[in-house]
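Trainee: Before I rely on any of the labels attached to this model, I would like to hear how each of them is justified.

Mentor: Then ask about them one at a time, and we will set each value against its criterion.

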Amino acid sequence: MQISYHGHSVVKIKTNGRTILIDPFINGNGKTDLKVDNEQPDVILLTHGHNDHVGDTVELAKKNNALVVAPNELADYLGWQGCNVHNMHIGGAHQFEFGKVKFTQAFHGSSYVTEKNEIIYTGMPAGILFTAEGKTIYHAGDTALFGDMELIGKRHPIDIAFLPIGDNFTMGPEDAAYAVSLLKPKIVVPIHYNTFPPIAQDPNKFAKLVEDAEVQILSAGEFVNH
C-alpha cells in the first residue's frame, strides 16, 4: 500500500490495484503537486461538501469512470452531476473490492457553493475510516475536537491518522494534539493548514505537542513511511 499527501486535505492511496483519492481539491489549491489532467483515480472518497474538499471530483469521476463514495446527500448531488456514486452515511460501513470504508462523525458544516453562488446543502460532514491490507487509515475531514474520538480509536485501532490543524475552521494544533491522545494512532499526519491565510500554522508546533504517536510532517507528493 502506498499512501501519499498532496496538500490541504488531499490524500492518495494505492492498494489492491486501485488508486483512491480523498477530498481531491486540486484546481485552486496552491499547496498541491497534482494536476487534474494527470490523475486517474478509480475511487474518490469525500468527507463533506465544501468546495475545498469536493474540489475536482466531478471532472475526475467522469473522465475516469471513478466511483465516488460520499455521505448520502452529497452523493445524491454528485449523482445528479453525472457521477457514479455510492451513498453512505455516518456509522455505516461497506466492504468494497478495494477495501472497507466506514464513515464517522465530524463536527463541521457541509455545503457546496455553485458558480451562481447558490449554497447546496450536502448533509452531515464526516470522517473516513479506510481499511485495506491489514491497515486502518483515519481521515478526520474537517472537524472540531470531540470526545468520541476516543471511542473511534478503541473500536478501530488506527495505523495512520490524517488530522486538520489549521484552526479557524477546524481543530488547531492544541486540540489536534489532544485528539491524538484520544485516537491513539501509530502515525499522525497534519493536514488542512497553510493553504489560505486564516489557516496558517506551523506543523512543528503540533508535532511538539503530540505524545505517544509518530508525527510525519509531509510536503505535497511525499509518502507516509509506514
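Trainee: Which residue in the hairpin of β1 and β2 takes a positive phi?

Mentor: Bear in mind that this is a predicted model. The residue is Gly 7, whose phi is near 85°, in a hairpin that has five residues between its strands.

Trainee: What makes β1 and β2 a pair of strands?

Mentor: Pairing requires at least two bridges between the strands, and strand β1 (residues 2–5) and strand β2 (residues 11–15) have four, in the antiparallel sense, so they count as paired. Within this pair, Ile 3 stands opposite Ile 13 in β2.

Trainee: How do you know that Lys 12 forms a salt bridge with Glu 39?

Mentor: The criterion is a side-chain nitrogen of Lys or Arg within 4 Å of a carboxyl oxygen of Asp or Glu, and the closest N and O atoms of Lys 12 and Glu 39 are 2.8 Å apart, so the pair qualifies. Lys 12 lies in strand β2 and Glu 39 in the loop between β3 (18–22) and β4 (43–45), so the pair ties together parts that are 27 residues apart in sequence.

Trainee: Why are Lys 12 and Glu 39 called buried?

Mentor: Buried means under 20% relative accessible area; Lys 12 has 13% and therefore counts as buried, and Glu 39, with 8%, is buried as well.

Trainee: How many salt bridges does the count give?

Mentor: The count comes to five. One of them joins the side chains of Glu 150 and Lys 154, at 3.6 Å from N to O, which is within the 4 Å limit. Being four residues apart in helix α4, Glu 150 and Lys 154 are separated by about one helical turn.

Trainee: Why is Glu 150 called partly exposed, and why is Lys 154 called exposed?

Mentor: Exposed requires over 50% relative accessible area, and partly exposed covers the range between that and the buried limit of 20%. Glu 150, at 34%, is therefore partly exposed, whereas Lys 154, at 63%, is exposed.

Trainee: What makes Asp 159 and Lys 186 a salt bridge?

Mentor: Their side chains meet at 3.2 Å, N to O, which satisfies the 4 Å limit. Asp 159 lies in the loop between α4 and β13 and Lys 186 in the loop between α5 and β14, so this pair ties together parts that are 27 residues apart in sequence. Asp 159 is buried, with a relative accessible area of 11%, while Lys 186, with 58%, is exposed.

Trainee: Why is Asp 56 said to have no salt bridge?

Mentor: The nearest side chain of opposite charge, Lys 63, is 9.3 Å away, whereas the limit is 4 Å, so the criterion is not met although Asp 56 is buried. Asp 56 sits in the loop between α1 (51–54) and α2 (57–64). Leaving aside its neighbours within four places in sequence, Asp 56 is in contact with Pro 24, Phe 25, Ile 26, Asn 27 and Val 36.

Trainee: Which residues of α5 are buried, and what covers them?

Mentor: The buried residues in α5 are Pro 173, Ala 176, Ala 177, Ala 179, Val 180, Leu 182 and Leu 183. Their cover includes β12, α4 (149–155), β13 (160–164), β14 (187–191) and α6 (203–209).

Trainee: Where is Ser 181, and why is its label partly exposed?

Mentor: Ser 181 belongs to helix α5 (residues 173–183), and at 34% relative accessibility Ser 181 counts as partly exposed. Ser 181 and Glu 150 are 31 residues apart in sequence, yet 8.1 Å apart in space, C-alpha to C-alpha.

Trainee: Why are β7 and β15 placed at the edges of the sheet?

Mentor: The open sheet has seven strands in the order β7-β8-β11-β12-β13-β14-β15, with mixed pairing. β7 (93–96) and β15 (214–215) each have a single partner strand, so one side of each is left without a neighbour in the sheet.

Trainee: How do you know that β11 and β12 are paired?

Mentor: Five bridges join strand β11 (residues 126–132) to strand β12 (residues 135–139), against a requirement of at least two, and the two strands run antiparallel. One bridge sets Ala 132 opposite Lys 135 in β12.

Methods
Residues numbered from 1 in each chain as written. Predicted model: local features only at pLDDT ≥ 70, side-chain atom pairs only at ≥ 80, totals over all residues. Heavy atoms only, no water. Buried < 20%, exposed > 50% of the residue type's maximum accessible area, 1.4 Å probe, protein only. Lys, Arg positive; Asp, Glu negative; His and termini not counted. Contact = heavy atoms within 4.5 Å.
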